[in-house]
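User: Could you walk me through this model before I set anything up with it?

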Amino acid sequence: MTLPVTHQLINLMACLLLLIAFAMVSQRRILRLIYLFALQGLVLSVNTAVVAFATHQPHLYFSAALTLGLKVVALPWLLHRLIDRLNIRWDVETLINIPTTMLVGILLVIVAFNLALPISQLAGTITRSSLGMAMASVLLSFLMMITRRKAVPQVIGFLAMENGLFFAATSATYGMPMVVELGIALDVLVGAFIFGIFFFQIRETFDSLDIHHLEKLKEKT
Amino acid sequence: MNLGYLASQLFQTLLAVLLAPLVLGWVNQCRAWLQNRSGPGLVQPYRVIAKLFRKDAVVAHNASWLFRFTPYAVFGCMVLAVSIVPLLATDLPFSPAADVIALVGLLALARVWMALAAMDVGTAFGSLGARREMFVASLAEPALLMVFFTPALISQSTALTTIVETLAHRELTLYPSLAFAAVAFVMLLLAENARIPVDNPATHLELTMIHEALILEYSARHLALLEWAHALKLMTYAGIGIALFLPWGIAAAGQWGAMPLAVVVLLAKLLVGGAALAVLETISAKMRIFRVPEFLGMAFLLAVLGMLTRLLLGSAG
C-alpha cells in the first residue's frame with residue numbers, strides 16, 4: 001500500500017517539524033535558536049500549502065502566506081534586533097544539562113505518540129497520522145520553556161509551541177476558521193512586542209535576563 | 001552465473017579501494033577552496049601513500065608483533081567492510097555472509113586492533129589516543145546500530161542489499177523516519193571518521209588529536225596502509241550513507257547494462273557528498289572533547305526517534 005505523494009510530503013514535514021523541535025531543545029546559542037525557529041516556520045508554511053493543495057481548501061493558502069510572512073520573516077527579524085540591542089548573542093544557560101533534557105524529550109515523544117494513536121485512528125482527515133508529531137513538538141517546546149533560565153529562549157520556546165499548535169490544528173481539522181487564525185497571528189505578534197518590552201524592563205531592574213531574580217518579591221532593605 | 005557475481009564483486013571492491021584516496025583528496029580540496037587556499041590537489045593522498053611505500057620502516061625497539069601486524073589487519077578489515085556495502089550493484093556474493101550488524105562488528109574489530117597497537121609501544125600519545133578513540137567509539141557504535149535499525153524495520157531485513165532493493169527498486173516512497181536516521185548518520189560519520197567537530201584531520205601534533213595520536217608511531221608502509229585504511233573507512237561510510245538514504249541508481253540484481261550508469265551515478269553522489277562534508281566541516285568548530293558525549297547522545301536519540309516515528313506512522317513512515 002502506498003500513499004499519495006502529498007500525503008507523504010505532509011508526513012515528511014511533520015517529521016522535519018519534530019526534528020527542528022529537538023534541535024531547538026539541544027541548542028545552546030540564542031542566534032541559532034532564532035534561525036531554527038525561522039526554519040520551523042518555513043516548514044510549517046510549506047506544510048500548510050501542501051495540505052491546502054491536497055484538500056482543495058483555498059483559505060489554507062492564505063494561512064500559509066501569513067505563516068511565511070509572520071513566522072519566517074517578521075518574528076525572527078524582531079527577535080534578531082532584540083538580541084542585538086540587548087547584546088546577548090551567545091550562550092543559553094539551561095537548568096538541567098542537555099543530555100538529560102533530551103532523554104526527557106524522548107520520553108515526551110513516546111507519551112505524545114501513545115496519546116495520539118487512539119485519536120488519530122478515530123479521525124478521518126488525510127493528515128491524521130501527523131497529529132502525534134504535532135503533539136510531540138508542542139510538548140518539546142514546552143520542555144524548552146521549562147528548562148531555560150533566560151527570558152529570550154523561553155519566549156522562543158513559547159513561539160515554537162504556537163507553531164506546534166498551529167500544525168496540530170492544520171493536521172487535525174484542516175485549519176481553523178480564518179477569523180481565529182488572523183486573531184492568533186495578531187496575538188503572537190503583539191505578544192512578541194510585549195515580551196520585547198518586558199526584556200528591557202527585566203534587564204533594567206535586575207541587570208540580567210535571568211528570570212530567577214523574579215522569584216524574589218521583596219526589595220532589599 | 002556464479003562467475004558473473006564474482007566479477008561484479010571484484011570490480012566493485014577494486015573500484016572502492018582505488019577510489020577511496022581520491023574521495024579523501026576531493027574532500028580536502030573542497031575544504032581548501034572554502035578556506036581560500038589553493039589546496040594540495042586531488043591526487044595528493046595517492047602521492048602520500050606512494051611516497052610512504054618507498055620509505056624504510058622504523059619500528060620502536062619494544063614493539064611486539066601486534067604493532068607490526070596491525071596495519072595489515074586494519075587494512076584487511078576495511079577492504080572487507082567496503083566489499084559488503086553495495087556501491088554499484090546489489091548482487092554481491094559477500095553480502096549474504098554479512099549484514100549491517102556484522103559490518104559494525106568489522107569496524108569495531110579494526111578499531112580494537114588500532115587501539116591495542118597504539119598502546120603497544122607505550123608512549124603517552126598512543127595510549128591517550130587509544131583511550132579517546134575507545135571513548136568516542138563506545139558512544140558512536142550503539143548509535144550506528146540504531147541508525148541501521150530504521151531502514152531494517154522498513155525493509156524487514158538487516159542485509160544491506162535487501163535494504164537497497166526495497167528502497168530503490170520498488171515504487172518511490174518518502175520515508176519520513178529516514179530523515180531522522182540520516183541526520184544521526186551524518187553526525188556519526190563526522191565522529192567516526194575523525195572529522196572536524198570531533199577531531200581535526202589536518203593536525204599532526206596537538207593535544208586534542210584522536211586519530212593522529214593513534215598512528216603517531218607508525219612510518220613508511222605501515223603508515224601508508226593505515227592512511228589508506230582511513231580513506232577506505234570514509235569510503236565505507238559514504239557507501240553506507242548512499243545505500244541507506246540515496247540508493248537510486250544502484251544496479252539491480254542481474255542488470256549488467258545498468259553498471260556503467262551506476263558508476264557514473266556513484267561518482268556524482270560522491271562528488272556532491274564530499275563537497276557537502278567539506279562545507280559541514282568548514283562551518284563548524286571543533287568541540288571540546290567532553291562535549292562529544294552530548295553530540296553522540298543526540299545522534300543516538302535521533303536514531304531512536306526515527307524508529308519511533310516508523311512505528312507511529314506504520315506503513316507510511
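Analyst: What follows covers confidence, the contact between the chains, the core, two helices and a few loop residues.

User: What should I know about numbering and cut-offs?

Analyst: Residues are numbered from 1 along each chain as its sequence is written, while chains are lettered from A and ligands numbered from 1 in the order in which they are written. This is a predicted model, in which local features need pLDDT of at least 70 and side-chain atom pairs count only at pLDDT 80 or more, whereas totals for chains, interfaces and linings use all residues.

User: What are the scores?

Analyst: The model has ipTM 0.75 and pTM 0.85. For chain B the mean pLDDT (the predictor's confidence in each residue, from 0 to 100) is 85, with 97% of its residues at 70 or more.

User: How many residues of each chain are in the contact?

Analyst: Chain B and chain A contribute 22 residues each, where contact means that C-beta atoms, placed from the backbone, lie within 7 Å. On the chain B side, helix H7 (176–192) and helix H11 (292–313) each supply at least two residues, and H11(B) provides the largest share, 12 residues. Helices here are DSSP runs of H or I with at least four residues, numbered from the N terminus.

User: And which residue classes make up that side of chain B?

Analyst: It divides into 15 nonpolar, 5 polar and 2 charged residues; Ala, Val, Leu, Ile, Met, Phe, Trp, Tyr, Cys and Pro count as nonpolar, Asp, Glu, Lys and Arg as charged, and the others, Gly among them, as polar.

User: Which residues touch the most others in the largest core?

Analyst: In that core of 164 residues, those touching the most other members include A:Leu17, B:Val23 and B:Ala143. Helix H9 (residues 220–245) of chain B gives the most to this core, 16 residues. A nonpolar core is a set of buried Ala, Val, Leu, Ile, Met, Phe, Trp, Tyr and Cys residues joined through C-beta atoms within 7 Å, and buried means 20 or more other C-beta atoms within 10 Å of a residue's own, exposed 12 or fewer, and partly exposed in between. Beyond four places in sequence, A:Leu17 touches A:Gln40, A:Val43, A:Leu44, A:Met133, A:Ser137 and A:Phe167.

User: Changing topic, where is the kink in H3 of chain A?

Analyst: The kink, about 30°, lies at A:Ala74, shortly before the proline A:Pro76; the bend is the angle between axes fitted to the seven residues ending at a residue and the seven starting there. Even so, the end C-alpha atoms of H3(A) (residues 58–86) are 41 Å apart, which agrees with the 42 Å that its 29 residues should span, the expected span being 1.5 Å times one less than the number of residues. Buried residues of H3(A) include A:Leu60, A:Lys71 and A:Pro76, and what covers the buried residues includes helices H2 (30–55), H6 (151–173) and H7 (178–206) of chain A.

User: Is A:His56, just a loop residue, buried or exposed?

Analyst: A:His56 counts as exposed because it has 7 C-beta neighbours inside 10 Å. A:His56 sits in the loop between H2 and H3 of chain A, with a positive phi of about 55° although it is not a glycine.

User: And where is B:Glu217?

Analyst: B:Glu217 lies in the loop between helix H8 (211–214) and H9 of chain B, and it counts as buried because it has 22 C-beta neighbours inside 10 Å. Its C-alpha is 7.6 Å from that of B:Ala118, 99 residues apart along the chain.

Methods: Two residues are in contact if their C-beta atoms, placed from the backbone, lie within 7 Å.
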